[in-house]
Each structure stands twice: as structure tokens, then as C-alpha cells.
Amino acid sequence: MQSGQSLKNFGRAAIRITVAGTVSRATGGKFANGAAYAAFMIAIKAGVNAYRDSVTDKFIENNVKHFDSMDTDAEETALPEETRKTLYRIGRTNSGHRAFNTAIESGNSVNLYRYMDQGFNSFMTWDYEDGANDIIYTTDVQKWIEGNIQYAILQRQLESSTLGSLLGHEFGHTSFGGSLEEIQATSIFENDYRRTYGMPLVDGYDKSAPSGVCLYEERC
């Protein structure tokens, strides 16, 4: 979705609602009825999403590089469409929007390395003093789940994972996300994504979680 088009649609929606309210008032009706209020809130949300999409546009254009290999001589590759759509979904959450905006303002960058054959080891982050960040991830989330499910205490939490919830979590570990520890990345970033899109919340991925999902032996 193009940001300019979204803003234009938002303006049209707001005008339609205002006109409808004027007609309602002229005919003796009440503007602040449930249907009008709901429509107005939808228009407001569309405007917010359009603005946040414009921030994600800048973040992807200026702060993101994508690779299909971690070899030192690997060439940059095009951002997969699934990953691009996921970044926009993350960018519409409060935590994702703040992180992307911080990256733009600070000049911090992230290299996304997609590993399709290492589901178990995917979703790991390194942040460096110079503001650069590396994230290993996979678009084959099902393979990641299958590789990790045997280590999960609460399997239902792991089974609900999506590319957005997992990649959103990793942004919490980046320098522009606050270089958060595991429990904070889970509560502030991943659960923000899950809450935004109506997914079940998770406790965490190490022994610091209240009853959490334990993925790595040294953490448990």
C-alpha cells in the first residue's frame, strides 16, 4: 500500500463521515451514535496506519539490508515480499514504530540474514557499538517451530508464533530497539505485536520467564 494513497483515502473517509454527520444533524439525528463513532475511529486508525507505513517506508529504504547468506562476500538480495509485508505489520505496532523511527533518526541499520535451511538456529540478533545490527531469521517459521517444540515447556505458546511475532521480538534486541534482555524483548516487543493482532501472549524464552518457554538448555 502506498502511503500517499492511504492518506488520500483517509481524507476521503473523514470527509464522508463529517458530511454524514452534518446531514444527520440537519435532519434531527445525533452525530455521536455508535455507527458514526465506529466509522470515525476506523478513519482515525487508517490515518495512523498510513503515517506509520510512511515511517516503515523510510526504514526499509535507508536502514535495512537483506542477505540470503552470512558469507563475508555475500551480495545484498531483494527483500522478500513476505518479509516486507511483515515489516509493515511490525511498524504498525507501538514498539515497532518507535524502533523504526529511532533507527531513522539515529542512523542505526540492520542486516537481515535469511536462513532457509537452519530453522532451529534462526531468530538471533547481534547489536554492535557502531549502531549496526545483524538479525538471522527464516521465513519458514513452521520449520523453526518443529525444530524447537521439543524444548518448549508451554508448547501452545510456541505453536502460535508467526514471522511477525518472532521478528518483532528480535527488533527488541537491536540497538534502536533498546538492546533489551530476553524478558523485556518478549514483553515490550513480541507481546505488543501479539496484542495488536489478537494473538495469545507468551511468557518468555528463558528461565527468567514466569512459566516460560525454555528453548536453550543453558538458559533453563
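At 25% relative accessibility, Arg-92 counts as partly exposed. In this predicted model, the side chain of Arg-92 meets that of Asp-53 in a salt bridge, with an N to O distance of 2.7 Å. The pair links distant parts of the chain, 39 residues apart: Asp-53 belongs to helix α2 (residues 34-63), whereas Arg-92 is placed in the loop between α3 (81-91) and α4. Asp-53 is buried, its relative accessible area being 3%. The bridge thus has one partner under the 20% limit for burial and one above that limit, because Asp-53 stands at 3% and Arg-92 at 25%.

The count of salt bridges in the model comes to three. Another of them is formed by the side chains of Asp-68 and Arg-114, at 3.0 Å from N to O. Asp-68 lies in the loop between β1 and α3 and Arg-114 in strand β2, so this pair ties together parts of the chain that are 46 residues apart in sequence. Asp-68 has a relative accessibility of 36% and therefore counts as partly exposed.

A further salt bridge is found within a helix. The closest N and O atoms of Glu-190 and Arg-194 are 3.0 Å apart. Both residues lie in helix α8 (residues 182-196), with a spacing of four residues, or about one turn of the helix. Glu-190 has a relative accessible area of 0% and is buried; Arg-194, also at 0% relative accessibility, counts as buried. Helix α8 also contains Glu-182, whose side chain is joined to that of His-169 by a polar contact of 2.8 Å. Glu-182 is buried, with a relative accessible area of 13%.

The loop between α7 (163-171) and α8 holds Ser-179. The phi of Ser-179 is near 50°, a positive value in a residue other than glycine. Most residues other than glycine have a negative phi. Ser-179 counts as partly exposed, at 34% relative accessibility.

Across the whole chain there are eight helices and four strands. Their order along the sequence follows the pattern α-α-β-α-α-β-β-β-α-α-α-α. Of the 220 residues in the chain, 46% are buried. Among contacts with a separation of 6 or more, 60% are accounted for by residues 24 or more positions apart.

Strand β2 (residues 109-114) pairs with two other strands, β1 and β4. The pairing with β1 (residues 64-67) is in the parallel sense and extends over four bridges. Strand β4 (residues 132-137) also runs parallel to β2, and six bridges join the two. Tyr-113 of β2 takes part in both pairings: Tyr-113 is the bridge partner of Phe-67, and the bridge partner of Tyr-113 in β4 is Ile-136. Strand β2 is mostly covered, with five of its six residues buried. In a regular strand the side chains alternate between the two faces of the sheet.

Helix α4 (residues 94-106) comprises 13 residues, which at 1.5 Å a residue should span 18 Å; the C-alpha atoms at its ends are 18 Å apart, in agreement with that expectation. The buried residues of α4 are Ser-95, Gly-96, His-97, Ala-99, Phe-100 and Ala-103. Just after α4, Gly-107 takes a positive phi of about 80°.

Confidence varies along the chain. The mean pLDDT of the chain is 81, and 74% of its residues reach 70 or more. Among the elements, α3 has the highest mean pLDDT, 98, and helix α1 (residues 3-26) the lowest, 47. Over residues 1-8 pLDDT stays under 50, and the model has 11 contacts beyond four places in sequence for this segment. Over residues 15-28 pLDDT likewise stays under 50, with nine contacts beyond four places in sequence. Where pLDDT is low, the predicted coordinates should not be read in detail.

Terms used
Residues numbered from 1 in each chain as written. Heavy atoms only, no water. Buried < 20%, exposed > 50% of the residue type's maximum accessible area, 1.4 Å probe, protein only. Pairing = 2+ DSSP bridges. Expected span 1.5 Å × (residues − 1). Salt bridge = Lys/Arg side-chain N within 4 Å of Asp/Glu carboxyl O. Polar contact = N/O pair within 3.5 Å; in protein donor to acceptor, adjacent residues only side chain to side chain. pLDDT = per-residue confidence, 0-100. Contact = heavy atoms within 4.5 Å.
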